[in-house]
Every structure is written in C-alpha cells, then in structure tokens.
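Okay, everyone, thanks for coming. Could you put the sequence and the structure up on the screen, please?

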Amino acid sequence: MTRISWLAGIVILAALAVQAEVGPHRFSVDLPTGWQQAPHVRLVLERMTVAGGQPFKLRAAAIIEGAEPVMLGSTGIVGDRSVESAPRRLPTLLIDVTRPLHSLADRLASQQAITIHLEAVDGRNAPLKQLDWSVQSVRLEKGGRN
C-alpha cells in the first residue's frame, strides 16, 4: 500500500511540474469538423493560472511543418497589483482565430489537428521567459456570431 501511495505522489508531482512550466507552450488541438465553413472559429483556453501583478499579452501561433509559424491572434492579460505576485486563476479566455485559420485552409485540408504555440510577451512583443503561467486545456471551437 505504501508503494502505491509513493507512486501516486510521484505522478502528482509530475503533473504539477507540467502545469508550472515556464516559457512557450505547445498544444496539439483537434480541428473541429466543418471549421472551414464556420463564420467564426475561436481558440478556447481554459483554467489558466498567471502571476497576479504582471500584465502581458498571450500570443497564439500555428506551427506548420516546413513553414514559419503563422500568427493566429492574441489577448491581453491585465495585471492585478492588489495580489502582487500571487497566482490568479482565469477560468476561460477566447481568441478569435477565424481569418488566420481560414487563410491556412488549403494547407490544413488533410489534417485533423494543428499545433498551437502559446507565448507570453510584453507590450513590445518581447518574450517574457521568466513569467510563470499555465493553461490546462486548449481547444478550437466553431461558432456563429462572435
């Protein structure tokens, strides 16, 4: 029984290490069925954790094999000085990726998934390599009106 609890502890620590990763993040995201015809496609980031006081911009890019990354969109994260550097939880962030994703339709026609690269940058688009942030779930969803 102690061996099982020891192994469970190791698994929990490994999961926490992944969530606390610093720097750029990459996710394989399924392309929704019929996304090419959807009037709007959004990148949905769920259960994000950020350092409280630091404002930054989160940029999303598509990684296409054999090509430069394609910028999909970005969103600003407001810093909250009242919590200083304490972690804050953001339940859901949406980034409209309709136009850039539709511009890739020919290149993605035979793919079922796409690699999304998320990166935290400052106001001048310089990467914030020391910023601690994580996101638990990333997906694409199609929709009607935005």
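Let's start with a question: in what order do the 4 strands of the open sheet stand? The order is β1-β6-β3-β4, and the pairing is antiparallel. Before we go on, please keep in mind that this is a predicted model.

So what happens at the edges? That's where β1, residues 25-30, and β4, residues 70-77, stand. Each of them has a single partner strand, so one side of each is left without a neighbour in the sheet. And the strands aren't lined up perfectly: on average, neighbours in this sheet are turned by 25 degrees against each other, if you ignore direction.

Let's zoom in on β6, residues 113-121. On one side, 6 bridges join β6 to β1, and the two run antiparallel. If you want to find that pairing on the screen, look for phenylalanine 27, which stands opposite isoleucine 116 in β6. Another pair to look for is aspartate 30, standing opposite alanine 113 in β6.

Then there's β3, residues 56-63. Here 7 bridges make the connection to β6, again with the strands running antiparallel. Leucine 58 is a good place to look, since the bridge partner of leucine 58 in β6 is alanine 120.

Is β6 mostly covered or mostly open? Mostly covered: 7 of its 9 residues are buried.

Okay, let's step back to the whole protein for a minute. There are 3 helices and 7 strands. Walk along the sequence and you get the pattern α-β-β-β-β-β-α-α-β-β. The protein has 146 residues, and buried ones make up 39% of them. Now take the contacts between residues at least 6 apart in sequence: 79% of those join residues at least 24 apart. As for the outside, the protein exposes about 9,100 Å², and carbon and sulfur atoms supply 53% of that.

Now for the inside. Which residues touch the most other members of the largest nonpolar core? They are Leu43, Leu101, Ile114 and Leu118, in a core of 37 residues. Several elements chip in with at least two residues each: β1, β2, β3, β4, β5 (87-96), α3 (105-108), β6 and β7. The largest share comes from β2, with 6 residues.

Let me show you two leucines. Leucine 43, leaving aside residues up to four places away in sequence, touches Ala60, Leu93, Leu94, Ile95, Val97, Ile116, Leu118, Val138, Arg139 and Leu140. The other one is leucine 45, which lies in strand β2. Leucine 45 counts as buried, at 1% relative accessibility. With the same kind of sequence neighbours left out, the residues leucine 45 touches include Leu58, Pro91, Leu118 and Val138. Stay with that last one for a second: leucine 45 and valine 138 are 93 residues apart in sequence, but 4.7 Å apart in space, C-alpha to C-alpha.

Last topic: charges. How many salt bridges does a search of the whole structure find? It finds 4.

One of them joins the side chains of arginine 139 and glutamate 46, at 3.4 Å from N to O. That pair links distant parts of the chain: arginine 139 is in strand β7, residues 133-143, and glutamate 46 is in strand β2, residues 40-51, 93 residues apart. How covered are the two partners? Arginine 139 has 32% relative accessibility, so we call it partly exposed. Glutamate 46 has 18%, so that one counts as buried, because the cut-off for buried is under 20%.

Arginine 139 also forms a salt bridge with glutamate 141, where the closest N and O atoms are 2.8 Å apart. Glutamate 141 is partly exposed, at 23% relative accessibility. Put this together and you get a network of salt bridges linking Arg42, Glu46, Arg139 and Glu141.

And then there's the pair of arginine 59 and glutamate 119, whose closest N and O atoms are 3.2 Å apart. Why does this pair tie together parts that are 60 residues apart in sequence? Because arginine 59 lies in strand β3 and glutamate 119 in strand β6. Are these two buried or exposed? Both are buried.

That brings us back to the sheet, where β3 and β6 are joined by 7 bridges. Okay, that's my tour, thanks for listening!

Key
Residues numbered from 1 in each chain as written. Predicted model: local features only at pLDDT ≥ 70, side-chain atom pairs only at ≥ 80, totals over all residues. Heavy atoms only, no water. Pairing = 2+ DSSP bridges. Axes fitted to C-alpha atoms, helices over the stretch in contact; angles between N-to-C directions. Buried < 20%, exposed > 50% of the residue type's maximum accessible area, 1.4 Å probe, protein only. Contact = heavy atoms within 4.5 Å. Areas by Shrake-Rupley, 256 points an atom, 1.4 Å probe, with all protein chains shown as cover. Core = buried A, V, L, I, M, F, W, Y, C linked by side-chain atoms within 4.5 Å.
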